[in-house]
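Here's a walk through one protein chain, from its overall surface down to a few individual residues. Keep the structure open and turn it as you read.

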Amino acid sequence: MNKKAVIEFFDKMAPGWDSHMVRNERAISRILDNARIREGVTMLDVACGTGVLIPDYLNRGVLSVTGIDITPAMARIARKKFADDDRVRIICGDVMEYRPDDKFDCIMVYNALPHFRSPEELIKALSGMLRKGGTLSIAHGMSFEGVNRHHENVSSEVTNPLTAAERLGEIMSGYLEVTAVISDDEMYQVAGIKK
């Protein structure tokens with residue numbers, strides 16, 4: 001995995017990103033429910049891209065959303081889309097280097113896990129950003145097989161094969177109490193709560 005290659009790849013994809021987005025509303029609803037996205041929580045949206053899930057968070061009444069993305073073009077688009085909403089803050093940066101001023105109630109990594117070098121390093125870093133009782137969710141709005149098919153022609157400098165949900169659950173259990181391990185025909189999700 002090459003950070004510079006990831007940034008360049010997604011910078012090129014950013015202008016057309018929203019027009020190519022396919023949403024499975026039922027899967028997204030299940031993912032958000034399992035992630036305990038609800039009224040009054042503070043959110044960190046990791047690899048937020050253009051902010052595709054931010055309207056979903058806001059519709060559920062979250063207190064605030066911090067979106068972070070390593071890609072300048074993605075962050076620019078997200079900032080422009082949510083410029084008028086004071087509940088939304090977009091940061092361009094590497095979440096592995098991010099040091100928030102406060103901890104979060106919910107952290108979401110949506111459609112992004114294969115673009116991180118190490119699932120365990122990511123989970124370790126993010127679990128440290130959660131409040132006690134907070135939830136970390138790593139999810140995809142398509143099946144495990146679908147994600148891997150989607151990435152099969154993308155350079156290994158930009159993506160890794162998706163970690164099996166059961167294996168990711170084992171990794172997460174070292175840091176959080178695992179509450180969901182789902183890998184079915186329409187979605188993939190592993191979630192846990194900080195005790």
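**A tour of the chain**

Start on the outside: about 9,500 Å² of the chain is exposed, and carbon and sulfur atoms supply 49% of that area. Bear in mind that this is a predicted model. Inside, 49% of the 195 residues count as buried. The C-alpha atoms fill a box of roughly 40 × 40 × 35 Å along the principal axes.

As for what the chain is built from, the secondary structure comes to eight helices and seven strands. The radius of gyration is 15 Å, close to the 16 Å the globule rule gives for 195 residues, so the chain is as compact as a globular protein of that length. Much of the contact map is long-range, too: of the contacts with a separation of 6 or more, 69% are between residues 24 or more positions apart.

Now for the interior. In soluble globular proteins, nonpolar side chains tend to be buried together. Here the largest nonpolar core has 29 residues, and those with the most contacts inside it are Ile37, Met43, Ile54, Tyr57, Val62 and Met108. Two or more residues each come from α3 (25-34), α4 (54-59), α5 (72-81), β3 (88-92), β4 (104-110) and β6. Of these, α3 gives the most, with four residues. Another core lies apart from this one, with 28 residues, among them Val95, Leu113, Ile171 and Tyr188.

Zoom in on Ile37 and look at what surrounds it. Leaving out residues up to four places away in sequence, Ile37 touches Leu32, Met43, Tyr57, Arg60, Val62 and Cys106.

That last partner raises a question: how many disulfides does the structure hold? The count is zero. Cys106 is in no disulfide, and the nearest cysteine sulfur, that of Cys48, is 16 Å away. At 1% relative accessibility, Cys106 counts as buried. Cys92 doesn't pair up either, because its sulfur is 9.2 Å from the closest cysteine sulfur, in Cys48, which is too far for a bond. Unlike a buried residue, Cys92 counts as partly exposed, at 34% relative accessibility.

Next, two helices that each turn one face inward. An α-helix has 3.6 residues a turn, so residues three or four places apart point the same way. Take α1 (residues 3-13), whose buried residues are Ala5, Val6 and Phe10. Looking down the axis of α1, you'd find these buried residues within an arc of 120°, so they line one face of the helix. The face turned away from the buried side carries the exposed residues Lys4 and Lys12. What do the buried residues of α1 pack against? They pack against α2 (17-20) and α5.

Now jump to α8 (residues 165-172). Its buried residues are Ala165, Leu168, Gly169, Ile171 and Met172. Seen down the axis of α8, they fall within an arc of 160°, so these too line one face of their helix. Over on the other side of α8, Glu166 and Glu170 are exposed. The cover over the buried residues of α8 includes α6 (119-127), β5 (130-140), β6 (177-183) and β7 (188-193). One of those buried residues, Ile171, also belongs to the 28-residue core.

Go back to α3, where you'll find Asn34. With a relative accessible area of 26%, Asn34 is partly exposed. Setting aside neighbours within four places in sequence, Asn34 is in contact with Thr135, Ala180, Ile182, Met187, Gln189 and Ala191. The C-alpha atoms of Asn34 and Ala164, 130 residues apart along the chain, are separated by 18 Å.

Finally, a couple of backbone oddities. Most residues other than glycine have a negative phi, and most peptide bonds are trans. Arg36 isn't a glycine, yet its phi is positive, at about 60°. Arg36 is in the loop between α3 and β1 (42-46), and its relative accessible area of 30% makes it partly exposed. Ala47 is another non-glycine residue with a positive phi, near 55°. You'll find Ala47 in the loop between β1 and α4, partly exposed with a relative accessible area of 26%.

Definitions and conventions:
Residues numbered from 1 in each chain as written. Predicted model: local features only at pLDDT ≥ 70, side-chain atom pairs only at ≥ 80, totals over all residues. Heavy atoms only, no water. Buried < 20%, exposed > 50% of the residue type's maximum accessible area, 1.4 Å probe, protein only. Arc of directions from axis to C-beta. Contact = heavy atoms within 4.5 Å. Disulfide = S-S within 2.5 Å. Rg over C-alpha atoms; globule rule 2.2 N^0.38 Å. Areas by Shrake-Rupley, 256 points an atom, 1.4 Å probe, with all protein chains shown as cover. Core = buried A, V, L, I, M, F, W, Y, C linked by side-chain atoms within 4.5 Å.
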